[in-house]
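Visitor: I should like to go through this structure and ask on what grounds each description rests.

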Amino acid sequence: SMFNLLSKVFSPGEVIDFKQLMKEGAVIIDVRTVNEYQSGHVVKSKNIPLQQLSNQITSLNPHKPIIVCCASGARSGSAKRMLQKAGFENVVNGGGWMQLQNKLQE
């Protein structure tokens, strides 16, 4: 069922407090294209298109939480795996930027 599928993707207890992450100095990275980003994005987010992320990794602070977002959560999922492989431990997939914005404004 759909519920079982979702419970596999989001393990119980993995409710992410995005506002708390922001208080801890989290950086929001939007991995959509420049055009997509310009048509709307989370305030204070930084645009690093997914194709450019590997080149920009050294510009990111590994000691701060990183929230990655895109249009749906698919590209940000790839971005999260890439950052984790590079040694970033505190990376969260914020999913679609509109949903993320709503969570930050709740």
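**Contacts, cores, sheet and cysteines**

Guide: Let us start with Val68, in what is a predicted model. Leaving aside residues up to four places away in sequence, Val68 touches Ile29, Ser76, Ala79, Lys80, Leu83, Val91, Val92, Asn93, Gly94 and Gly95.

Visitor: What makes these residues contacts of Val68?

Guide: Contact requires heavy atoms within 4.5 Å, and Val68 touches each residue in that list, Ile29 and Leu83 among them.

Visitor: Which residues have the most contacts inside the largest nonpolar core?

Guide: They are Ile29, Leu53, Leu60, Ile66, Val68, Leu83 and Phe88, in a core of 14 residues. Helix α4 (50-56), strand β3 and helix α5 each supply at least two residues of this core, and β3 gives the most, with 3 residues. A second, separate core has 11 residues, including Ala26, Ile28, Val92 and Leu100.

Visitor: Why is the sheet called open, and what is the order of its strands?

Guide: The 4 strands follow the order β2-β1-β3-β4, with parallel pairing. Strands β2 (46-47) and β4 (91-96) stand at the edges with a single partner strand each, so one side of each has no neighbour in the sheet.

Visitor: How do you know that β1 and β2 pair?

Guide: Pairing requires at least two bridges between the strands. Strand β1 (residues 27-30) is joined to β2 by 2 bridges, so the requirement is met, and the two run parallel. Asp30 stands opposite Asn47 in β2.

Visitor: Which helices lie across β4?

Guide: Helix α5 (residues 74-85) lies across β3 (66-70) and β4, and runs at about 150° to β3. Helix α6 (residues 97-105) lies across β1, β3 and β4, at about 110° to β4.

Visitor: Why do Cys69 and Cys70 not form a disulfide?

Guide: A disulfide requires two cysteine sulfur atoms within 2.5 Å. The cysteine sulfur closest to that of Cys69 belongs to Cys70, at 7.1 Å, which is too far for a bond. Cys70 likewise has its closest cysteine sulfur in Cys69, at 7.1 Å. The structure therefore holds 0 disulfides.

Visitor: What makes Cys69 and Cys70 count as buried?

Guide: Buried means under 20% relative accessible area. Cys69 has 0% relative accessibility, and therefore counts as buried. Cys70, with a relative accessible area of 1%, is buried on that criterion.

Note on methods. Residues are numbered from 1 along each chain as its sequence is written. This is a predicted model: local features need pLDDT of at least 70, side-chain atom pairs count only at pLDDT 80 or more; totals for chains, interfaces and linings use all residues. Side-chain values use heavy atoms; hydrogens and water are left out. Buried means under 20% relative accessible area, exposed over 50%, partly exposed in between (1.4 Å probe, protein chains only). Axes are lines fitted to C-alpha atoms, for helices over the stretch in contact, and angles run from 0 to 180 degrees between N-to-C directions. A nonpolar core is a set of buried Ala, Val, Leu, Ile, Met, Phe, Trp, Tyr and Cys residues joined through side-chain atoms within 4.5 Å.
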